[in-house]
Amino acid sequence: MDMERGGVYRNGKRRGGGAGGQNEVLAAEPSPFYYNSDLAAEREWTPWIVPMFVAANVAFFVVAMYVNDCPAHSNFYGSCVAKFLHRLSFQPLHENPLLGPSSATLEKLGALVWNKIVHQHQGWRLITCIWLHAGVIHLLANMLSLVFIGIRLEQQFGFVRIGIIYLLSGFGGSILSTLFIRNNISVGASGALFGLLGAMLSELITNWSIYTNKAAALFTLLIMIVINLAIGILPHVDNFAHIGGFLSGYLLGFVFLLRPQFGWIERHNLPAASQVQSKHKVYQYVLCVIALLLLIAGFVVGLVMLFRGVNANDHCKWCHYVDCVPTSKWSCGN
């Protein structure tokens, strides 16, 4: 069961805790990037799954650096960085400018590699790659984003739903990435993070009626999404994982992030004429069913195509521009 704290919130205050529910405690300050309406959540959970995900990602990075053991291997690119860390020192900057292990180490520990997944039946890499990072810079960027976005979502919706969205979004990002990228390895939690962004968007849509500043909320969230996807067209950034994670999270949000109607929450305090019999509105149920069917179909089709060795680039000649746009400053070669 989700850990929870507090009672029913209304008008920025929390009711409950005393006889007859007369005691009132001020609610937590709203997050600037989680859109709170005047009708706040029925209860607020204590976040622990997101901090656990952060700790797990950091632990996996330490393990990767320990396995990498830069000083034990001669390197064509030069000497190790931060030698005072001994076994945990980083690969030369010419090899890995993100301050991390070698590609060989990441591949050994479970990075996304098309050949190994399709021809060596190592499908587990679709999951393990989510927990690996290319370097300290990569890890910090993703973990700060996870804390910034994930904590507030978990407070609002609980660890079960946010945990499922995070993991399935990362899995969806891995599938789309492997369908399009064959010659490079891919690691990182970015697909899962984009899944949380996608879920925020669908949550805003499916619970549209409870928000007061609808246009401002939608505009701010769309700007965040566009900026992050635009960064993905730079070389060495796996935008297919971003897009796959975002689409997965967007559909999952319609399934897991439904909020009940105000009339349902306050049904015991409203006159009989104002009470509602259904916890959710009809359009919420419709969107939930459609999203669930699309999600299942997408995962099934994607996995079938992947394990049959289908190259998605053959069916979409322009899709490679989604991942990287060549300019005079850089190329998009491997």
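**Exercise 1. Disulfide handedness**

Determine which hand the disulfide of Cys316 and Cys319 has in this predicted model.

*Solution.* Begin with the bond itself: Cys316 is joined to Cys319, with an S to S distance of 1.8 Å. A disulfide requires the two sulfur atoms to be within 2.5 Å, and the pair is accordingly assigned as one. Next, take the torsion about the S-S bond, which is about 80 degrees, so the disulfide is right-handed. Finally, consider the surroundings: Cys316 and Cys319 are both buried.

**Exercise 2. The other disulfide**

State how many disulfides the chain has, and describe the one that joins Cys70 to Cys80.

*Solution.* The count comes to two disulfides. In the pair Cys70 and Cys80 the S to S distance is 2.0 Å. The torsion about the S-S bond of Cys70 and Cys80 is about -95 degrees, so this disulfide is left-handed. Both cysteines lie in the loop between α1 and α2, and the pair therefore ties together parts that are 10 residues apart in sequence. Cys70 and Cys80 are each buried.

**Exercise 3. Accessibility of two further cysteines**

Classify Cys129 and Cys288 as buried or exposed.

*Solution.* The cut-off for a buried residue is under 20% relative accessible area. Cys129 has a relative accessibility of 3% and therefore counts as buried. Cys288 has a value of 19%, so it is buried as well.

**Exercise 4. Positive phi outside glycine**

Locate Asp69 and Leu99, and give the backbone phi and the burial class of each residue.

*Solution.* The background expectation is that most residues other than glycine have a negative phi. Asp69 is not a glycine, yet its phi is positive, about 45 degrees. Its place is in the loop between α1 (49-68) and α2 (103-109). With a relative accessible area of 15%, Asp69 is buried.

Leu99, also not a glycine, has a positive phi of about 65 degrees. This residue lies in the loop between α1 and α2. Its relative accessible area is 24%, and Leu99 is therefore partly exposed.

**Exercise 5. A nonpolar surface patch**

Identify which residues form the nonpolar patch on the surface, and place Leu85 within the chain.

*Solution.* The patch consists of Val58, Val62, Tyr66, Phe84, Leu85 and Leu88, which together have about 540 Å² of accessible area. Leu85 belongs to the loop between α1 and α2. A patch member must have over 30% relative accessible area; Leu85 has 32% and is partly exposed.

**Exercise 6. The nonpolar cores**

Find which residues touch the most other members of the largest nonpolar core, and trace the contacts of Leu197.

*Solution.* The largest nonpolar core has 56 residues, and those touching the most other members are Leu146, Tyr166, Leu196 and Leu197. At least two residues of this core come from each of α1, α3 (114-118), α5 (136-157), α6 (159-180), α7 (190-206), α8 (214-231), α9 (239-256) and α11 (282-307). Another core, of five residues, lies apart from it; among its members are Leu106, Ala111, Leu132 and Ala134.

Leaving aside residues up to four places away in sequence, Leu197 touches Ile149, Leu221, Met224, Ile225, Asn228 and Phe246.

**Exercise 7. The chain as a whole**

Summarise the secondary structure, burial, contacts and exposed area of the chain.

*Solution.* The chain contains 12 helices and five strands. Of its 334 residues, 45% count as buried. Among contacts with a separation of 6 or more, 73% are between residues 24 or more positions apart. The chain exposes about 16900 Å², of which carbon and sulfur atoms supply 66%.

Notes:
Residues numbered from 1 in each chain as written. Predicted model: local features only at pLDDT ≥ 70, side-chain atom pairs only at ≥ 80, totals over all residues. Heavy atoms only, no water. Helix = DSSP H or I, 4+ residues; strand = E, 2+ residues; numbered from the N terminus. Buried < 20%, exposed > 50% of the residue type's maximum accessible area, 1.4 Å probe, protein only. Patch = residues over 30% accessible without salt bridge, like charges linked within 9 Å, V, L, I, M, F, W, Y side chains within 5 Å. Areas by Shrake-Rupley, 256 points an atom, 1.4 Å probe, with all protein chains shown as cover. Salt bridge = Lys/Arg side-chain N within 4 Å of Asp/Glu carboxyl O. Core = buried A, V, L, I, M, F, W, Y, C linked by side-chain atoms within 4.5 Å. Contact = heavy atoms within 4.5 Å.
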